[in-house]
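Q: Could you take a close look at one spot in this structure for me, and then work outward from there? I'd like a connected story rather than a list.

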2 protein chains.
Amino acid sequence: MPNSDQSLQSAAQKSLRIIQSEVENINKIALSVDCVIFGFDESKLKVLLIRSDLKNYHGKWSLLGDLVFPNEDLDAAAYRILKQRTGLSDVYLEQVHTFGKINRHPAGRVVSVAYYSLINVQHHKLNILENELHWHDVKSVTDLAFDHQQIFDTCLQQLQKRVQEHPLGFNLLPRKFSLRELQNLYEAILDIKMDRRNFRKKFFAMDFLTDINEMEQDVAHRPGKLYKFDFDKYEKKKKKMSGIDF
Amino acid sequence: MPNSDQSLQSAAQKSLRIIQSEVENINKIALSVDCVIFGFDESKLKVLLIRSDLKNYHGKWSLLGDLVFPNEDLDAAAYRILKQRTGLSDVYLEQVHTFGKINRHPAGRVVSVAYYSLINVQHHKLNILENELHWHDVKSVTDLAFDHQQIFDTCLQQLQKRVQEHPLGFNLLPRKFSLRELQNLYEAILDIKMDRRNFRKKFFAMDFLTDINEMEQDVAHRPGKLYKFDFDKYEKKKKKMSGIDF
DNA sequence: AACTTAATGTGTTTAATTTACACATTAAAC
DNA sequence: GTTTAATGTGTAAATTAAACACATTAAGTT
């Protein structure tokens, strides 16, 4: 159950009350950040949601968001908010889109900048503070608070597009991983099945994987080889990529 | 020369003075929009710039921007600002990125949402109002006011990426156009040379061009055939596009 | 009228990339 | 020892992209 304790209310709510009282202020647009944190967990793509404690959306799930301070960079605000609400700090956030419909937020005019990231659920411990915080299967996400469904959809599309443009996700796997684990990751993000042989061919051709001559342990089937990602090689090749393709 | 007449100052400047006086207001972030309007003109890619009338950047060129009103949608603000500053109204704007460094604007904390578009210079008359407004060759754009150089660079990259993902630019050409004109457009945007035969092959394969059995007139060489773009066919095929490509 | 100029229109071959597809192997679980 | 559930491997076919040259046309020039 959501614990909508007054004393633990978010900065957003406090500030919004102030905003609403300043009717004639020309500068009455509040700026917020919403973070869409995707998590890879046992071959499933999840997203981190929190219960809304605003009256209008009481009980609904929402993204991790709060107001930007006047004296902090926008990107810094995103990292701060994520840290405050989840304890996560070693996470790379990327800006996606800014949502600015007049009535998107019930408490007043709030324009929100959406950021997203993708992490491994197993590698990050969450500090659950004032509200319920849960990993949800992305496929079952519906009916979020505010316009968060739209923000979520936009970020998921962005993630899917991104993963097709650049190899991604090596921070999500253990340092040593099998090709099956890598393929699971891609299949989870893109929500498609891929041919194992072609997938391996493609990744080996990219030449970013180093065979470390170890095998999986304790799997209930033939163990696979383990690889690690060569970040240096990747950085070098990344620059060359280009091409025209309609 | 720039005419920095007090009475014609932009809403941005007026509002910023108000903002600066309200030191203790928690909500002292101002929100603005900057429009990067690319123009295709005689085989060259241009961008529409205006002289800055702010002291710190007096005389420098800048993007078309102003503050968002509290009671208008973000997208609507972009269209309004473009209309006010240029007279342009039948232009499609697309949001690209939001820039939110603390000190990006000398007059106070202003977070700016960047939008871009691409139009045909010949098809749009500009209403030049308070400031100098000029089409600049994109290749010679340097040293813009504020962080506008960065915004411009980001939008140009976005345009180039966009044009490689979806056929684009049919609103930029005359209704009837030759393949050479189409190729000029792509070469101007991407700043590369393309093989004529392969270019034609690619576009004909896409099957969006209709041969209208007319020829160019009054050209000082063998006249080319004219085509029109089949928007219906395009809309139908667009949905199918997908694919994994690292 | 003949010549020059500057562009159009056209096809093929080669290389590269992507897709489809099947079977023997291995380690653990029972 | 048998079953289970996965790994590892190669090739052929189809598609897509890239490289490349010459005859044609209309206007402009002399």
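**Starting from one aspartate**

A: Let's begin with A:Asp75, which counts as partly exposed because it has 16 C-beta neighbours inside 10 Å. Keep in mind as we go that this is a predicted model. A:Asp75 sits in helix 2 of chain A, the stretch covering residues 74-86. Its C-alpha lies 9.7 Å from that of A:Val113, although 38 residues separate the two along the chain.

For the inward-facing side of a helix 2, hop over to chain B. There, helix 2 (residues 74-86) has 13 residues, which at 1.5 Å a residue should span 18 Å, and its end C-alpha atoms are indeed 18 Å apart. The buried set in helix 2 of chain B is B:Leu74, B:Ala77, B:Ala78, B:Ile81, B:Leu82, B:Arg85 and B:Thr86. Those residues cover an arc of only 130° around the axis, so they are on the same side of helix 2 of chain B. Right after that helix comes B:Gly87, with a positive phi of about 85°.

Back in chain A, A:Thr86 takes us to a strand residue. Leaving out neighbours within four places in sequence, A:Leu48 is in contact with A:Thr86, and also with A:Ile37, A:Gly39, A:Leu64, A:Leu133 and A:Trp135. A:Leu48 belongs to strand 2 of chain A. This leucine is buried because 25 other C-beta atoms lie within 10 Å, and the cut-off for that label is 20 or more. The C-alpha of A:Leu63, 15 residues away along the chain, is 7.3 Å from the C-alpha of A:Leu48.

The loop between strand 1 and strand 2 of chain A holds A:Glu42. Is that residue buried or exposed? It is exposed, with just 9 other C-beta atoms within 10 Å. Its backbone is worth a glance too, as A:Glu42 has a positive phi near 50° without being a glycine. Most residues other than glycine have a negative phi. Chain B offers another case in B:Asp207, also not a glycine, with a positive phi of about 65°. B:Asp207 lies in the loop between helix 5 and strand 8 (209-215) of chain B, and it counts as exposed because it has 11 C-beta neighbours inside 10 Å.

Now zoom out to the interior. The largest nonpolar core has 105 residues, and the members touching the most others are A:Cys35, A:Val36, B:Cys35 and B:Val36. Not counting residues up to four places away in sequence, B:Val36 touches B:Val47, B:Leu63, B:Ala114, B:Tyr116, B:Ile151, B:Phe152 and B:Cys155. As for chain A overall, it has 6 helices and 9 strands, and 32% of its 246 residues are buried. Of the chain A contacts with a separation of 6 or more, 66% are between residues 24 or more positions apart.

Strand 1 and strand 2 also lead us to helix 4 of chain A, since both are among the elements covering its buried residues, along with helix 3 (148-165) and helix 5 of chain A. Helix 4 itself (residues 179-190) has 12 residues and reaches 17 Å from first C-alpha to last, close to the 16 Å expected at 1.5 Å a residue. Its buried residues are A:Leu182, A:Leu185, A:Tyr186, A:Ala188 and A:Ile189. Looking down the axis, they fall within an arc of 165°, so they line one face of the helix. Just past the end of helix 4, A:Asp191 takes a positive phi of about 60°.

Helix 4 of chain A brings us to the DNA. Together with helix 5 of chain A and helix 5 of chain B, it is one of the elements that each give at least two residues to the surface near DNA strand D. Helix 5 of chain A has the largest share there, 3 residues. Of the 18 residues around that strand, the nearest are A:Arg180, A:His221, A:Gly224, A:Lys225 and B:Arg222. By class, this surface has 3 nonpolar, 5 polar and 10 charged residues.

And DNA strand C? It is surrounded by 20 residues, the closest being A:Arg222, B:Arg180, B:Arg197, B:Gly224 and B:Lys225. Here the elements giving two or more residues are helix 5 (196-206) of chain A plus helix 4 (179-190) and helix 5 (196-206) of chain B. The surface near strand C divides into 3 nonpolar, 6 polar and 11 charged residues.

Conventions: Residues are numbered from 1 along each chain as its sequence is written. Chains are lettered from A and ligands numbered from 1 in the order in which they are written. This is a predicted model: local features need pLDDT of at least 70, side-chain atom pairs count only at pLDDT 80 or more; totals for chains, interfaces and linings use all residues. A residue is near a molecule or strand if its C-beta atom, placed from the backbone, lies within 6 Å of it. Helices (H or I, at least four residues) and strands (E, at least two) are DSSP runs, numbered from the N terminus. Ala, Val, Leu, Ile, Met, Phe, Trp, Tyr, Cys and Pro count as nonpolar, Asp, Glu, Lys and Arg as charged, and the others, Gly among them, as polar. The expected span of a helix is 1.5 Å times one less than its number of residues. A residue is buried if 20 or more other C-beta atoms lie within 10 Å of its own, exposed if 12 or fewer, and partly exposed in between; C-beta atoms are placed from the backbone. The arc is that of the directions from the helix axis to the C-beta atoms. Two residues are in contact if their C-beta atoms, placed from the backbone, lie within 7 Å. A nonpolar core is a set of buried Ala, Val, Leu, Ile, Met, Phe, Trp, Tyr and Cys residues joined through C-beta atoms within 7 Å.
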